[in-house]
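Work through the exercises below with the sequence and the coordinates at hand. Each task is followed by a solution in steps.

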Amino acid sequence: MLKGKSIILGITGGIAAYKGAALCSKLVQAGAKVNVIMTESAAKFITPLTLQTLSRNPVHIDTFDERDPGVVSHIDLADHADLIVIAPATANAMAKLAGGHADDMLSTTLLAATCPILIAPAMNVHMYEHPAVVHNMELLASRGAMFVEPGTGQLACGYVAKGRLAEPEDIMAAIEAWFVRGGMLAGKRVLVTAGGTMERLDPVRYLTNDSSGKMGFAIAEAAQLMGADVTLVAGRTSVAPPAGVRLIRVESAQQMLDAVMDVFEESDIVVKSAAVADYRAVDISDQKLKKSGERLVLELERTTDILETLGKRKSRQFLVGFAAETEQVEHYAMDKLQRKNCDLIVANDVSREGAGFNGDTNIVQVFGAEGLIVSLPILSKREVANCLLELIAGRLASVEGTAHDS
Ligand code: CTP
């Protein structure tokens, strides 16, 4: 898949540098031509000889170590790269790129490069959450950098938290996805909703649901890797949102409606994977409710159905809804598709093992006006997101093709 592709692998100085070696090996096995650039700190964690042996190319560390008088190395490498992958990317490496610094071989090559950049950060969780790091990642994303989110687990510093470099397999999947699908949604504005809404009862209590936000986050991340400009409207979620997308946090169904309406007109594709409350409290108490009596009856009223509202309002937008069902999946999915005027409905039977809320996998069936389009096996939410977006991109391209023909 990567045959003939020229990839620069930037390895910076963190303990996860050793995973850079595994990634290098996988890239070479997949047929890519890999040039490794290490920072001096990276070379304290892993030897350049390891990377030279795996990449079968000289490893670059020093900008002034010019071995071929016929070229200027950092310009030559940058000019010939199809993609630059920085794995692991330290906070310092990202800060330098965000600030436009060029004080070593990697940072200098990055400034000279015009190809896309994929960044796989790895650091301590507090560093990862530091406003300066968050700001730098947002800045890089706004300039088009793509990210592979760090995983959660045991960190070298002793914490069990987010910050572990994504596994080499995951970084490979993101690289391959970019080469296969990158550009499929270039120029498209994608609006994704994720997570569950929170309907307040009083200042300390609320009604919500089990949605983790993982499915919506996977869709937002995949859309971004496919070249889209992504806005993510997220309610209550149990995992961190992907970097590189415009994030709007909301609580209630009403706030989600308002946020979605603000960007709907300018959107080309809208994927409504959020689990929106159908009812909210008629009265939201300003003060904490005091208990009284053995029973409490809450009076609830219907919220606005956001998807249905968008379905009535839509002009050119490609509208995708979700349907979480526990029975008669096809019947309810087709009913929602028609009632809410969607182009596609992604339905899952949340009573099945491996499907639905909170897990990392999903089992979905996608329906269009013609009925069932595809029934996917159990897949990771990332893979479901890729399949769904490929389907959307294909449908959109054929709609646009028809519009051009007529
Ligand atoms: N949805 C929405 N606004 C609501 C309720 C649901 O936009 N107030 C959207 C969801 O984001 C999802 C789709 O509608 O894309 C289907 O949600 P689901 O909860 O499965 O269906 P409901 O419309 O609530 O229907 P029912 O309760 O009959 O299953």
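The exercises concern a predicted model and go from domains to strands, a helix, two loop residues and salt bridges.

**Exercise 1. Describe the contact between domain 1 and domain 2.**

Solution. Start with the bounds: the domain assignment gives domain 1 as 6-182 and domain 2 as 189-405. Their C-alpha centres lie 34 Å apart. The contact takes 13 residues from domain 1 and 12 residues from domain 2.

Next, take the area. About 1,000 Å² is buried between the two domains, and carbon and sulfur atoms give 54% of this. On the side of domain 1, Phe147, Glu149 and Arg181 lose the most area to domain 2, together 49% of what that side buries.

Then look at the polar terms. The count between the domains is 3 residue pairs in polar contact, and the rule finds 1 salt bridge across the interface. Arg181 forms a salt bridge with Glu390, with the closest N and O atoms 2.3 Å apart.

Last, assign the contact to elements. On the side of domain 1 that touches domain 2, α8 (131-142), β5 (146-147) and α9 (168-181) each supply at least two residues. Of that side, α9 gives the most, with 4 residues.

**Exercise 2. State the strand order and the pairing sense of the open sheet that contains β1, and find a bridge between β3 and β4.**

Solution. The sheet has 5 strands in the order β2-β1-β3-β4-β5, with parallel pairing. Its edge strands are β2 (33-38) and β5, each of which pairs on one side only. Within the sheet, β3 (residues 83-89) and β4 (residues 117-121) pair over 4 bridges. Ile84 has Ile117 in β4 as its bridge partner.

**Exercise 3. Place strand β13 between its partners and sort its side chains by direction.**

Solution. First partner: β8 (residues 189-194) pairs with β13 in the parallel sense over 4 bridges, and Thr193 has Lys272 as its bridge partner. Second partner: β16 (residues 318-325) also pairs with β13 in the parallel sense, over 4 bridges, with Val271 opposite Val320.

For the side chains, Ile269 and Val271 point one way from β13, while Val270 and Lys272 point the other way. All of these residues are buried.

**Exercise 4. Explain why helix α6 counts as largely enclosed, and name elements that cover it.**

Solution. Helix α6 spans residues 105-112, and 6 of its 8 residues are buried, so the rest of the structure largely encloses it. The buried residues are Met105, Leu106, Ser107, Thr108, Thr109 and Leu110. Their cover includes the strands β1 (6-11), β2, β3 and β4, together with the helices α4 (73-80) and α5 (91-99).

**Exercise 5. Are Ala166 and Lys188 buried or exposed, and what does each touch?**

Solution. Ala166 is found in the loop between β7 (160-164) and α9. Its relative accessibility is 4%, so Ala166 counts as buried. Leaving out residues up to four places away in sequence, Ala166 touches Lys19, Val148, Glu149, Pro150, Gly151 and Ile171. The C-alpha atoms of Ala166 and Ala120 are separated by 6.8 Å, although the two are 46 residues apart along the chain.

Lys188 lies in the loop between α9 and β8. With a relative accessible area of 17%, Lys188 is buried, because the cut-off is under 20%. With the same exclusion of residues up to four places away, Lys188 touches Ala228, Asp229, Asp268, Leu396 and Glu400.

**Exercise 6. How many salt bridges does the structure hold, and which parts of the chain do the pairs of Lys214 and Glu266 link?**

Solution. The structure holds 21 salt bridges. Side chains of opposite charge can pair when their charged atoms come close.

Lys214 and Asp360 meet at 3.0 Å, N to O. This pair links helix α10 (residues 214-225), which holds Lys214, to the loop between β17 (344-349) and β18 (361-362), which holds Asp360, 146 residues apart. Lys214 is partly exposed at 21%, whereas Asp360 is exposed at 53%.

Glu266 and Arg246 form a salt bridge with the closest N and O atoms 3.6 Å apart. Here the loop between α11 (253-264) and β13 is linked to strand β12 (residues 246-249), the two residues being 20 apart. Glu266 is partly exposed at 36%, and Arg246 is partly exposed at 43%.

Among the salt bridges there is also a network, which links Lys19, Arg164 and Glu167.

Terms used
Residues numbered from 1 in each chain as written. Predicted model: local features only at pLDDT ≥ 70, side-chain atom pairs only at ≥ 80, totals over all residues. Heavy atoms only, no water. Buried < 20%, exposed > 50% of the residue type's maximum accessible area, 1.4 Å probe, protein only. Pairing = 2+ DSSP bridges. Domains from an automatic or database assignment. Contact = heavy atoms within 4.5 Å. Buried area = accessible area lost by both parts, 1.4 Å probe. Salt bridge = Lys/Arg side-chain N within 4 Å of Asp/Glu carboxyl O. Polar contact = N/O pair within 3.5 Å; in protein donor to acceptor, adjacent residues only side chain to side chain.
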